[in-house]
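Work through the following exercises with the sequence and the model side by side. Each task is followed by a solution that goes step by step.

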Amino acid sequence: STDDLSSDLFLRAGKLVVEELLKAEVGEALDREPHQRRERGQSGYRNGFKTRGLKTAEGKLAVQVPQVREFVSDAGEEQPYRSSIWQALGRRCR
């Protein structure tokens with residue numbers, strides 16, 4: 001039906017947008033794009049993806065969230081990478 005098609009379209013578009021935003025955020029945090037070598041002084045590296053769920057009004061999305069290892073913050077402290085976008089979504093999106 002038309003409702004099912006629009007719902008499916010929304011879910012696919014939402015998944016694509018969220019995943020691209022998360023990838024861009026990691027690229028900005030690491031100061032390099034995927035497959036680009038680290039330069040001296042740069043920290044962290046991509047370590048694949050984890051599938052996480054995000055609830056929406058149209059249904060549940062399975063989103064591929066990028067993983068980052070050995071991330072050093074701007075303050076020079078080694079800490080786990082936390083996506084501000086993913087935290088803002090809170091696993092539930094209106």
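**Exercise 1: Confidence and layout**

Find where confidence in the protein chain is lowest and where it is highest.

Solution. Strand β3 (residues 71-72) has the lowest confidence, at a mean of 66, whereas β2 has the highest, at 89; the score is pLDDT, the predictor's confidence in each residue, from 0 to 100. Across the protein chain the average pLDDT is 82, and 79% of the residues score at least 70. Where pLDDT is low, the predicted coordinates should not be read in detail. This is a predicted model, in which local features need pLDDT of at least 70 and side-chain atom pairs count only at pLDDT 80 or more, while totals for chains, interfaces and linings use all residues. Residues are numbered from 1 along each chain as its sequence is written, and side-chain values use heavy atoms, with hydrogens and water left out.

Next, the elements can be listed: the protein chain has two helices and four strands, taken from DSSP runs (helices H or I, at least four residues; strands E, at least two) and numbered from the N terminus. Along the sequence they follow the pattern α-β-β-β-β-α.

**Exercise 2: The hairpin**

Describe how β1 and β2 are paired.

Solution. Strands β1 (residues 45-56) and β2 (residues 59-69) run antiparallel and are joined by ten bridges; strands count as paired if DSSP finds at least two bridges between them. The two strands form a hairpin, with two residues between them. Individual partners can then be located: Thr51 has Gln64 as its bridge partner in β2, and Arg46 stands opposite Val68 in that strand.

Finally, turn to Thr56, which belongs to β1. Thr56 counts as buried because its relative accessibility is 15%, and buried means under 20% relative accessible area, found with a 1.4 Å probe on protein chains only, with exposed over 50% and partly exposed in between. A polar atom of the Thr56 side chain lies 2.6 Å from the backbone oxygen of Gly59.

**Exercise 3: The nonpolar core**

Which residues make up the largest nonpolar core, and which elements each supply at least two of them?

Solution. The largest nonpolar core has nine residues, namely Leu11, Val18, Leu22, Leu54, Leu61, Val63, Val65, Trp86 and Leu89. Such a core is a set of buried Ala, Val, Leu, Ile, Met, Phe, Trp, Tyr and Cys residues joined through side-chain atoms within 4.5 Å. Helix α1 (2-30), β2 and α2 each supply at least two residues of this core. In soluble globular proteins, nonpolar side chains tend to be buried together.

Now follow single members of the core. Leu54, in strand β1, is buried, with a relative accessible area of 1%, and its C-alpha atom is separated by 9.0 Å from that of Lys15, which is 39 residues apart along the chain. Leu89, in helix α2 (residues 84-89), touches Val18 and Leu54, not counting residues up to four places away in sequence; a contact means heavy atoms within 4.5 Å. Leu11, with the same exclusion of residues up to four places away, touches Thr56, Glu58, Gly59 and Leu61.

To finish, consider the whole protein chain, where buried residues make up 28% of the 94 residues. Among contacts between residues at least 6 apart in sequence, 53% join residues at least 24 apart.

Definitions and conventions: Polar contact = N/O pair within 3.5 Å; in protein donor to acceptor, adjacent residues only side chain to side chain.
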